[in-house]
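These are my notebook entries on one protein chain. I set down what I looked up, beginning with one hairpin and working outwards to the whole fold.

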Amino acid sequence: MIETHSGGCLCGAVRYVAQGPAINVRVCHCRLCQRAIGAAFNVRALYAVAKVAIEGEVASAHSSEGLKRGFCPRCGTTIFSMREKLGIMGLTFGSLDQPDDFAPTDHIWVSSKQAWLKLDDGLPQYQEGPPT
Ligand SMILES: [Zn+2]
Ligand SMILES: [Zn+2]
C-alpha cells in the first residue's frame, strides 16, 4: 500500500491527499511565512506538486515572485506554499489531518525568528534559506 497523508481546511471545502513520504520537512521562520499564515512560524511538508491531489476551490496569492500561497476562499486556512517553476509545494502542518506523521528536520530563516521563541530541539538552524 502506498503511504498517503491527508489534510484540509477548517471548513472542509478544501481537501487533499499527498502520496508517499515528504521530500523534506522544515520549520520556516521567515517574515513572509509569518505574515501569510498569521502565525509565529510555518512548518511544512514538502512534496512534488504531482504527488498532491487537491479537491475543492483554492484561492492563491503570491508572497514573492516565485512563491504562491494557496488558501481556502471560504475559511482562509493556508493550505500550501508552492514554487511552480520547481514543481514543489509545502503543505502546512496545521492543515494536515495527522501532523504527527511528520517531524521537522531543520529550522530555516532563523534570522527572522520571533525573539520569544527558544529553539532547544537540537535540530540544525540556518540563518537564511536551506543549504543547497
Ligand atoms: Zn475552508
Ligand atoms: Zn518562510
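**Entry 1: the hairpins**

I looked up β7 and β8 and found that four bridges join the two strands, which run antiparallel. The model is a predicted one, and I read every entry here with that in mind. For a register point I took Arg 69, whose bridge partner in β8 is Ser 81. I then examined the link: β7 and β8 form a hairpin with six residues between them. In that turn, Gly 76 has a positive phi of about 90°.

I next turned to the other side of β7. Strand β7 covers residues 67-71 and pairs with β6 in the antiparallel sense, over five bridges. Here I noted Ala 59 opposite Phe 71 of β7. These two strands also form a hairpin, with two residues between them.

**Entry 2: the seven-stranded sheet**

I followed the pairing outwards from the hairpins. In what order do the seven strands of the open sheet stand? I read the order as β6-β7-β8-β9-β4-β3-β10, and the pairing is mixed. The edge strands are β6 (59-64) and β10 (106-108), each of which pairs on one side only. I recorded a twist that averages 30° from one strand to the next.

I checked the β10 end separately. Strands β3 and β10 pair in the parallel sense, over three bridges. The register there can be read from Arg 26, which has Asp 106 in β10 as its bridge partner.

For the side chains I kept one rule in mind: in a regular strand they alternate between the two faces of the sheet.

**Entry 3: the three-stranded sheet**

I then looked up the other open sheet, in which three strands stand in the order β1-β2-β5 with antiparallel pairing. Why is one side of β1 and of β5 left without a neighbour in the sheet? Strands β1 (4-8) and β5 (52-55) stand at the edges and have a single partner strand each, so one side of each remains without a neighbour. Neighbouring strands in this sheet are turned by 15° against each other on average, direction ignored.

I counted four bridges between β2 and β5, which run antiparallel. Val 17 has Ala 53 in β5 as its bridge partner.

**Entry 4: the nonpolar core**

I asked which residues have the most contacts inside the largest nonpolar core. They are Cys 28, Tyr 47, Ile 79, Met 89 and Leu 91, in a core of 26 residues. At least two residues of this core come from each of β2 (15-19), β3 (24-28), α1 (31-37), β4 (42-48), β8 (78-83) and β9 (88-92).

I singled out Met 89 for a contact list. Apart from neighbours within four places in sequence, Met 89 is in contact with Tyr 47, Val 49, Val 52, Phe 80, Ser 81 and Met 82.

**Entry 5: the whole chain**

Finally, I looked at the chain as a whole and found one helix and ten strands. Along the sequence the pattern is β-β-β-α-β-β-β-β-β-β-β. The radius of gyration is 14 Å, close to the 14 Å that the globule rule gives for 132 residues, so the chain is as compact as a globular protein of that length. Its C-alpha atoms fill a box of roughly 35 × 35 × 30 Å along the principal axes.

I noted that buried residues make up 33% of the 132 residues. Of the contacts between residues at least 6 apart in sequence, 53% join residues at least 24 apart.

Notes
Residues numbered from 1 in each chain as written. Chains lettered and ligands numbered in written order. Predicted model: local features only at pLDDT ≥ 70, side-chain atom pairs only at ≥ 80, totals over all residues. Core = buried A, V, L, I, M, F, W, Y, C linked by C-beta atoms within 7 Å. Buried ≥ 20, exposed ≤ 12 C-beta atoms within 10 Å, placed from the backbone. Contact = placed C-beta atoms within 7 Å. Pairing = 2+ DSSP bridges. Axes fitted to C-alpha atoms, helices over the stretch in contact; angles between N-to-C directions. Rg over C-alpha atoms; globule rule 2.2 N^0.38 Å.
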